[in-house]
Amino acid sequence: MLADLHLHTCFSDGTYTPEELAAEAHRNALKAIALTDHDTMEGCPRLAAACEQLGIEFIPACEFTAELDDIEIHLIGYFLDSQNERLKVELVRFQEVRQRRIREMVERLNGLGVPLRSEAVFRLANCRAPGRPHVARALVAEGLCSSLDEAFDRFLKKGKPAWVPKFKMSALEAIDLIHQAGGLAVLAHPGLNRTDEVIPQVIAAGLDGLECFHTKHSTWMTEHYLQIAEANRLLVTGGSDCHGMSKGKPLIGTIKVPYQYVESLKDAYHKRAVDNGIMLVQRAVENSGV
Ligand code: AMP
Ligand code: FE
Ligand code: FE
Ligand code: ZN
């Protein structure tokens, strides 16, 4: 009984369709999966349907980019209500910012004499939440770079000439957004960046869980984060962060977490939902003056 709680589809920067991802999850004998596309939940209904057909449990989620003390962190909201009004408004805003960033990166490339058109990137991305991987893929598709690595190394990596900083909300805002949409906030891949420095502050801001298992975590890191999670009574999650074929080979199946962590995540979600319900009833009673 194993799960992968960090996966992307073609609705953000992955290459699998929801149906292909479900088939891969089935092939890897996963009992539960979560979709964590960047800044969009559009793939969730289709993946939920495909998972149901295959007897796989599905958890809707979304990965947000945030920052704290100038350190970029990624926060995953699990069990988000995709119909939550504020979440819907914010997601559209994040998507518009992403599209604007693509145009800015293309303008920089043009300034460097690289004749890429933003339409080519948008056509290839074919989604509302495009990112640098789509620019890299378009550069390769147009014959302007020979590989994705070359596109990143020459142009797109942080500090390279076509790199444009990404919009990031504060960690506090992200956690609040996730909570008010009924979700649980989990700090993704803390082993990347210099995340350890800000973990105490993110916990103080209401963090619910820590992604201890991740493709880029060494055994040592996983142990380290499991200890931090235990010491701070945080939920434990993990996943492959599979982007399909967009980073060479698909990562799904490389990280499988025991189902007990999914149980704990579901318990916390249900408990939170009950608490929120009680709070709403209390508030309604107070307001009615009874
Ligand atoms: P963005 O959100 O637009 O800044 O793009 C971030 C995405 O680009 C993440 O999924 C990264 O894993 C991916 N990425 C960063 N560096 C590279 C690289 N050298 N090759 C392929 N993908 C990369
Ligand atoms: Fe990504
Ligand atoms: Fe991430
Ligand atoms: Zn991810």
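**Exercise 1. Determine how far apart the iron ion (ligand 2) and the iron ion (ligand 3) are, and describe the site of the iron ion (ligand 2).**

Solution. In this predicted model, the distance between the iron ion (ligand 2) and the iron ion (ligand 3) is 5.6 Å. The model is one in which local features need pLDDT of at least 70 and side-chain atom pairs count only at pLDDT 80 or more, while totals for chains, interfaces and linings use all residues. Residues are numbered from 1 along each chain as its sequence is written, chains are lettered from A and ligands numbered from 1 in the order in which they are written, and side-chain values use heavy atoms, with hydrogens and water left out.

Step 1 is to list the donors (N, O and S atoms within 2.8 Å of the metal, or 3.2 Å for Na, K and Ca; water is not among the atoms, so sites may look incomplete). For the iron ion (ligand 2), Asp-13 (OD), His-38 (NE2) and His-243 (NE2) coordinate at 2.0 to 2.2 Å.

Step 2 is to place these residues along the chain, where their spacing reads D-x24-H-x204-H. Asp-13 belongs to the loop between S1 and helix H1 (18-27), and His-243 to the loop between S8 and S9, so this pair ties together parts that are 230 residues apart in sequence; helices (H or I, at least four residues) and strands (E, at least two) are DSSP runs, numbered from the N terminus.

Step 3 is to judge the geometry: the 4 donor atoms make angles of 81 to 139 degrees, and the site is irregular. Four donors count as tetrahedral if all angles lie between 85 and 135 degrees; four count as square planar and six as octahedral if opposite donors are over 155 degrees apart and all others between 65 and 115; anything else is irregular.

Step 4 is to check accessibility, and here both Asp-13 and His-243 are buried (under 20% relative accessible area, with exposed meaning over 50% and partly exposed in between, for a 1.4 Å probe and protein chains only).

**Exercise 2. Identify the protein donors of the iron ion (ligand 3) and state where they lie.**

Solution. The iron ion (ligand 3) has Glu-63 (OE), His-74 (ND1) and His-189 (NE2) as its protein donors, at 1.9 to 2.3 Å. Strand S3 (residues 57-68) holds Glu-63 and strand S4 (residues 71-78) holds His-74, so the pair ties together parts that are 11 residues apart in sequence. Glu-63 counts as buried at 1% relative accessibility, and His-74 likewise counts as buried, at 13%.

**Exercise 3. Work out which residues coordinate the zinc ion (ligand 4), and which arrangement results.**

Solution. The coordinating residues of the zinc ion (ligand 4) are His-6 (NE2), His-8 (NE2), Glu-63 (OE) and Asp-241 (OD), at 2.1 to 2.3 Å. Glu-63 (OE) is also a donor of the iron ion (ligand 3). The angles subtended by the 4 donor atoms of the zinc ion (ligand 4) span 77 to 164 degrees, which makes the arrangement irregular. Between the zinc ion (ligand 4) and the iron ion (ligand 2) the separation is 4.5 Å. His-6, in strand S1 (residues 2-7), and Asp-241, in the loop between strand S8 (235-239) and strand S9 (257-258), link distant parts of the chain, 235 residues apart. Both His-6 and Asp-241 are buried.

**Exercise 4. Trace the pairing and the crossovers of strand S7.**

Solution. Begin with the strand itself: 6 of the 6 residues of S7 (residues 209-214) are buried, so S7 is largely enclosed by the rest of the structure. Strand S6 (residues 184-187) pairs with S7 in the parallel sense over 2 bridges, pairing being assigned if DSSP finds at least two bridges between two strands, and Leu-187 has Leu-210 of S7 as its bridge partner. From S6 the chain passes through helix H8 (residues 199-204) to S7 in a right-handed β-α-β crossover, that is, with the strands pointing away from the viewer, the path from the first strand over the helix to the second runs clockwise.

On to S8: S7 and S8 run parallel and are joined by 5 bridges, with Gly-238 in S8 as the bridge partner of Phe-213. The crossover from S7 through helix H9 (residues 219-231) to S8 is right-handed.

**Exercise 5. Decide whether Asp-70 and Asn-126 are buried or exposed, and describe their phi values.**

Solution. Most residues other than glycine have a negative phi. Asp-70, in the loop between S3 and S4, has a positive phi of about 65 degrees although it is not a glycine, and at 72% relative accessibility Asp-70 counts as exposed. Asn-126, in the loop between helix H4 (118-125) and H5, has a positive phi of about 50 degrees and counts as exposed at 64% relative accessibility.
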